[in-house]
Amino acid sequence: MTSKHHQHTPADMHYLQLLSQSFPTIAAASTEIINLEAIMALPKGTEHFLADIHGESEAFRHVLKNASGNIKRKVNELFGNDIRESEKKELCTLIYYPEQKLELIKARETDLEDWYRITIHQLVKVCRDVSSKYTRSKVHKSLPDEFSYIIQELLHESLSDIDKAAYVSVIVNTIISTGRADDFICAICNVIQRLAIDQLHILGDIYDRGPGAHIIMDTLRQYHSWDIQWGNHDILWMGASAGNNACICNVLRLCLRYANLATIEEYGINLVPLATYALEAYGNDPCEEFLPKLLPGNAMDDKDLQLTAKMHKAIAVIQFKEEAAIISRHPEWEMNDRLLFNNIDYERGICTIDGRDYEMKSCHFPSIDPKSPNTLTDEENDLMQKLHHSFRVCEKLKKHIRTLLSHGCMYTISNSNLLFHASCPLNDDGSLKEVEIYPGTTYSGKDLMHNIGMMIRAAFTNGITSDQQEEYPRDYARDYFLYLWCGKNSPLFDKSKMATFERYFLKDKETYKEEKGNYFKLRDSEEVCDRILDAFEVKGDNRHIINGHVPVHASKGENPIKAGGKLMVIDGGFSEAYHNETGIAGYTLVYHSRGFQLVQHEPFTSQQDAIEREIDIKSTTQIIEMSAHRMLVADTDKGRELKEQVSDLKQLLYAYRHGIIKEKRI
């Protein structure tokens, strides 16, 4: 023992006394050391990175079920040429969608007992492989109660032992003869799905565009281990739930823009007052520039299209007024140039920006008083009170936002990887930019991200204290969601402006340009990435930044791997709205014990195709880095924690053996 064991400070002694309550004897402490040392020798668990899901719940759930091709890879490794390609496909589909696939197989299979027998043995083989990275205890915890004992027996018995082979056969035959085969298959398939991924990282943007953000949130609430780095669209919904009226308008405008009201309806947000108001205010206005962008398979009749366009325009006009109210409260944000209703000559149909006149597409604004263009009318005010109430009282939305808060933050560091959704604000020379997030309070890099996270949480409490003892008032924090959404130094936006107004109302497309911030211009530089990684204190030889947010234009030859492999952009490209732009359905990333695999996906057709025609997401795997040795738990963040625990337990053993602390006889 080194001399440090002899010198216990009062704080050390207090800690060791606490530790002795969990491990009251030499035997208990020794057993735990053996257990922890053994865990550190296991292979590193598989991490799965997804970003920018944008409400595409079917594609998201499929990628979750197939672990971005990880399960298919295992099946190919295990069965190679022993079974036909079509059988491997069927086995994979069964693992992803056991209940539905079983129905189809039972309808066509002539010798069901034989199929059950072969399939159960195959599934046990796959399950044994995916569970080999974990301790028996961890596997046991992930097993369903009713089949826990049976699955454990099957996983830990060897078929090469003749006596045991007979034992295993009896178990399998009994499962079939007692009519439990279907239930057993569903149970073991779910265990395989669960064990294929140890930790899921979502790099933001669950919400907007697609129809199923609420389904994704419900799925995540049941998921065993995940974290999220909030995206700009998540922040918008969080702001709406916190009662920021500009965020409420933006949420509704985006839903109407893509004619996607499923999530709004699911949350019970009442849109009847908006429809009634829109018909009254814009009844004679064709609202052509507000016709929704219909995604494939989302047909609408002419009457619904017209109503949606009128609602879309009504909420957009109110949005610009609500934004003006918040921007005017905060001159320190330097966003007064976005108060564009002030710049319109309503008689001539001209908007003046930076001294230049631009022609308006149309200039029909029945609710705007040119003398006070940003003032809500009584009708608009009444409507906003109803919408505000609807968002504030929605229990299901509150529950989902609480889930985002409990599992999320602005950034995370995991196993030498720095994860954040979009950007880390930089100066022109690539140094970290100091950003004022509260009057007189500026931060850069890690401190900026941390304090923005504290600001966001302050909007849901009565003001919260950060490490610097700055108290962020709740009202300011609530307003700040708008800056995070469209402020030029926001790490979730980082552009010169959000040109929503220009795209709706101005003819000149030059005005639509949004200049990207320095992070997006400089992130291909290894030196800049290293500077950011240093600032966030990311350790390790193979360290990376992983982002989402910006779709990778693969069809134009853009590479998602930047800065000599130090930065990876994995916009999942799930959103159909982007497929024409990118040519693919984006990327996901898998980091297992042998290294990183970047998976490029083609668009997902449908769950029905996946089940009936066994069409998996077509994906191309790019190996980014393979490590020379298989990474173990000891090489991870978890391993570092375990090493510290072992060191503490060894100090406890020393204290027991030298009578410094007495063993407690149980």
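**Cavities, cores and sheets of a predicted model**

Q: How many cavities of 30 Å³ or more does the structure hold?
A: This is a predicted model, in which local features need pLDDT of at least 70 and side-chain atom pairs count only at pLDDT 80 or more, while totals for chains, interfaces and linings use all residues. Residues are numbered from 1 along each chain as its sequence is written, and side-chain values use heavy atoms, with hydrogens and water left out. A cavity is a set of points, on a 1 Å grid over the protein atoms alone, where a 1.4 Å probe fits but cannot get out. The number of cavities of 30 Å³ or more is three.

Q: How much space lies in the largest cavity?
A: Grid points are joined across faces, edges and corners, and a volume is the space filled by probe spheres set on the points. By this definition, the space in the largest cavity is about 140 Å³.

Q: Which helix supplies the largest share of the lining of the largest cavity?
A: Lining residues have an atom within 4 Å of a point, and among those of the largest cavity are Gln319, Arg338, Cys486 and Phe501. Helices (DSSP runs of H or I, at least four residues) are numbered from the N terminus, and both H17 (302–329) and H22 (500–505) supply at least two residues of this lining. The largest share, four residues, comes from helix H17.

Q: Are the residues on the two faces of strand E2 (residues 199–202) buried or exposed?
A: Strands are DSSP runs of E with at least two residues, and a residue counts as buried under 20% relative accessible area and as exposed over 50% (1.4 Å probe, protein chains only). Gln199 and His201 lie on one side of E2, with Leu200 and Ile202 on the other, and these residues are all buried.

Q: Which residue of E3 stands opposite Leu200?
A: Two strands pair if DSSP finds at least two bridges between them. Strand E2 pairs in the parallel sense with E1 (residues 47–50) over four bridges, and again in the parallel sense with E3 (residues 226–229) over three bridges. On the E1 side, Leu50 stands opposite Ile202, whereas on the E3 side the residue opposite Leu200 is Trp226.

Q: Through which helix does the chain cross from E2 to E3?
A: A crossover is right-handed if, with the strands pointing away from the viewer, the path from the first strand over the helix to the second runs clockwise, and the β-α-β crossover from E2 to E3 is right-handed. The buried residues of the connecting helix are Ala213, His214, Ile216, Met217, Thr219 and Leu220. The cover over them includes E2, E3 and the helices H3 (57–66), H15 (262–266) and H19 (395–407). The helix of the crossover, at residues 213–222, is H12.

Q: How many residues does the largest nonpolar core have?
A: A nonpolar core is a set of buried Ala, Val, Leu, Ile, Met, Phe, Trp, Tyr and Cys residues joined through side-chain atoms within 4.5 Å. In the largest one, Ile95, Ile206, Phe341, Ile437 and Ile456 touch the most other members. A second, separate core of 18 residues includes Leu36 and Tyr656, while the largest core has a residue count of 191.

Q: Which strands stand at the edges of the sheet with the order E4-E5-E6?
A: This open sheet of three strands has antiparallel pairing, with two bridges joining E4 to E5 (residues 350–353). Each edge strand has a single partner strand, so one side of each is left without a neighbour in the sheet, and these strands are E4 (344–345) and E6 (356–359).

Methods: Contact means heavy atoms within 4.5 Å. On a 1 Å grid over the protein atoms alone, a cavity is a set of points where a 1.4 Å probe fits but cannot get out, and a pocket is an open set with protein on both sides within 12 Å along at least five of seven lines; lining residues have an atom within 4 Å of a point.
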